[in-house]
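Colleague: Got a minute to go through this model with me? I'd like to hear the reasoning behind the labels.

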Amino acid sequence: MDSKGKCINFYSATPGSNNVAVNDDEIEVKPAPLPEPRPLAGEERELLEFLLSGPVDSPELRAQAEMAMVWAVCSCGCASINLRVADDAPRATLTGPEVLPNGAAEISATGMNEDGEEMDVTLHVWSPNEGYYVRKGGAVLAEIEVWPTLAIGDSTYGYKKPPAISALRFSTHKWMI
Ligand SMILES: [Zn+2]
């Protein structure tokens with residue numbers, strides 16, 4: 001998957017900061033903090049639980065998910081959400097192919113939404129207190145990214161309904177091929 005057009009460069013955005021993340025296109029996207037963190041909506045929770053039910057089997061991440069809150073949504077109006085986990089939720093150690101060369105991790109699935117658009121749904125996991133190295137046991141849920149956010153071929157962008165759970169298939173990590 002090409003990174004061009006990806007929604008949020010979350011590595012440069014930390015909760016409560018004013019950092020601005022910009023993607024490769026000219027549309028600026030960044031986490032837009034909510035006035036108050038909110039629980040995940042029903043479909044968001046289903047998506048999160050699905051992503052944690054696949055090849056990455058982490059009881060710690062599932063425990064984090066139980067109490068996770070949405071602290072920001074994407075400024076572009078897409079369905080991507082930024083997650084905050086409880087301070088006392090267990091941290092995970094990830095060592096499988098989901099770990100990226102930069103030390104963060106991602107769990108991706110792809111599928112077609114009800115409008116016939118092929119979309120990727122990616123759960124980003126990072127370790128904010130350990131230099132992003134999830135291998136060191138500090139892994140926490142960071143973001144569910146829904147991609148693409150832009151309508152291909154024209155300049156409209158905004159909300160695209162994520163694929164139904166039944167349409168999603170876990171993706172092979174390209175860096176393992
Ligand atoms: Zn977005």
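Modeller: Sure, and let's start with pairing: two strands count as paired if DSSP finds at least two bridges between them. Keep in mind that this is a predicted model. With that in hand, look at Ile-81, which stands opposite Ile-144 in β6.

Colleague: How do you know that β3 and β6 pair?

Modeller: β3 and β6 share 2 bridges, in the antiparallel sense. The definition asks for at least two bridges, so they qualify as a pair.

Colleague: And what makes β5 and β6 a pair?

Modeller: There the count is 7 bridges, again antiparallel. With at least two needed, β5 and β6 therefore pair as well. Within β6, Ile-144 also has Leu-123 opposite.

Colleague: Why is β6 called largely enclosed?

Modeller: Being buried takes 20 or more other C-beta atoms within 10 Å of a residue's own. In β6, 8 of the 8 residues are buried, so the strand is largely enclosed by the rest of the structure.

Colleague: What makes the largest nonpolar core a core, and which residues have the most contacts inside it?

Modeller: Its members are buried residues of the nonpolar kinds, joined through C-beta atoms within 7 Å. This one has 36 residues, and those with the most contacts inside it include Leu-94, Val-121, Leu-141 and Ile-144. Two or more residues each come from α1, α2, β3, β4, β5 and β6. β6 gives the most, with 6 residues.

Colleague: What does Leu-94 touch, leaving out residues up to four places away in sequence?

Modeller: Among others, Val-56, Val-99, Ala-105, Val-125 and Val-134. Touching here is a matter of C-beta atoms lying within 7 Å.

Colleague: How do you know that the buried residues of α2 are on the same side?

Modeller: The buried ones are Leu-61, Gln-64 and Ala-65. They cover an arc of only 100° around the axis, which puts them on the same side of α2. They pack against α1, β5 and β6.

Colleague: Which residues are exposed on the other side of α2?

Modeller: Pro-59 and Glu-66. Exposed stands for 12 or fewer other C-beta atoms within 10 Å, so each of these two falls under that limit or on it.

Colleague: One last thing: where is the cis peptide bond?

Modeller: It joins Trp-147 and Pro-148, with omega about 5°. Pro-148 is found in the loop between β6 and β7.

Conventions. Residues numbered from 1 in each chain as written. Predicted model: local features only at pLDDT ≥ 70, side-chain atom pairs only at ≥ 80, totals over all residues. Helix = DSSP H or I, 4+ residues; strand = E, 2+ residues; numbered from the N terminus. Arc of directions from axis to C-beta. Contact = placed C-beta atoms within 7 Å.
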